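Q: Please take a close look at the salt bridges in this structure. Which residues form them, where do the partners lie along the chain, and are they buried or exposed?

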Amino acid sequence: MTSGGMSIQVMLIVLLAAFLHASWNAVVKSSRDKFLDIVLVTGGSGLLSAVVLPFLPLPAPASWPYAAASVAVHVGYFALVAAAYRAGDMSFAYPVMRGTAPLLVTIASGPLLGEYLGPGAWGGVLLICAGVLGMTLARSQGPAGASGNATMLALANAAVIACYTFVDGMGVRLSGHAVAYTMWVFLITALPLTAWAMLRRRTDLVAHCRSRWHFGAIGGACTLGAYVLALWAMTQAPVALVAALRETSILFATALSAVVLKERFGWTRHAAAAAVVAGAVVLKLS
């Protein structure tokens, strides 16, 4: 499979997935209790999946080991998202954790999946990653030391994102049904997170549900929709290309953090965002 295997339709679907992904992250960042909002978002996506799954076929048996591995990785991913947003701004942590992952995916996609990209596609991926590294030059507007902590957590999560990208990129292709595979992953992922919150913070969780249940529903729909679309795209185009283009969510996240969350940042982050846009254009033109 080569870098030319992405149609304009698939590209637009990946961009929609990117917008949905940035939206649910903005929901979590807007909360005073990031972890409980993660529980609401994952619970919302789990409930939506439970409603739809009876009408869908079961994924092929060969994909279930991948789904099980994905659940384990996603639990760690959601926990790290909450931790990163406690440590720093969304406009800082999101680009670092989302944009570093495509480089890891691209490096490993050849030996693991047999998907070798051409020079043009590599140029696009590297531009996106350069934009992300530019984000690290901009200081967080949070308390002293927050930038360092946020960077470490975001980089750790980038590795986690690369892991579930590979796991699900392979699993969804074996499943025979991208939507059913994704919904089973989200349904099962919601169970341990919700159980932990119920055991350790039942009172807080009940109060949080009462005040922010609607954000949980919106965030759950966005995260589920984003990943369904992204995994479907991975059945139509090289995983590395989808993973890289999906990180244009950084642009949406930057806009949401400025307009909705009122975060302030200077020209460095704007220039880095422009590099991400340029990388997405090169990916398509290649």
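A: A residue counts as buried when its relative accessible area is under 20%, as exposed when that area is over 50%, and as partly exposed in between. The model examined here is predicted. Across the whole structure, a search finds 3 salt bridges.

One of them pairs the side chains of arginine 201 and aspartate 33, with a distance of 2.4 Å from N to O. This contact links distant parts of the chain, the two residues being 168 residues apart. Arginine 201 lies in the loop between helix H7 (178–200) and helix H8 (202–234), while aspartate 33 lies in the loop between helix H1 (8–29) and helix H2 (34–52). Aspartate 33 has a relative accessible area of 18% and is therefore buried. Arginine 201, with a relative accessible area of 25%, is partly exposed.

Arginine 201 also forms a salt bridge with aspartate 204, where the closest N and O atoms are 3.4 Å apart. Aspartate 204 counts as partly exposed because its relative accessibility is 39%. Through shared partners, the salt bridges join Asp33, Arg201 and Asp204 into one network.

A further salt bridge connects aspartate 37 and arginine 212, whose closest N and O atoms are 2.7 Å apart. This pair, too, links distant parts of the chain: aspartate 37 belongs to helix H2 and arginine 212 to helix H8, with the two residues 175 residues apart. Both aspartate 37 and arginine 212 are buried.

Key:
Residues numbered from 1 in each chain as written. Predicted model: local features only at pLDDT ≥ 70, side-chain atom pairs only at ≥ 80, totals over all residues. Heavy atoms only, no water. Salt bridge = Lys/Arg side-chain N within 4 Å of Asp/Glu carboxyl O. Helix = DSSP H or I, 4+ residues; strand = E, 2+ residues; numbered from the N terminus. Buried < 20%, exposed > 50% of the residue type's maximum accessible area, 1.4 Å probe, protein only.
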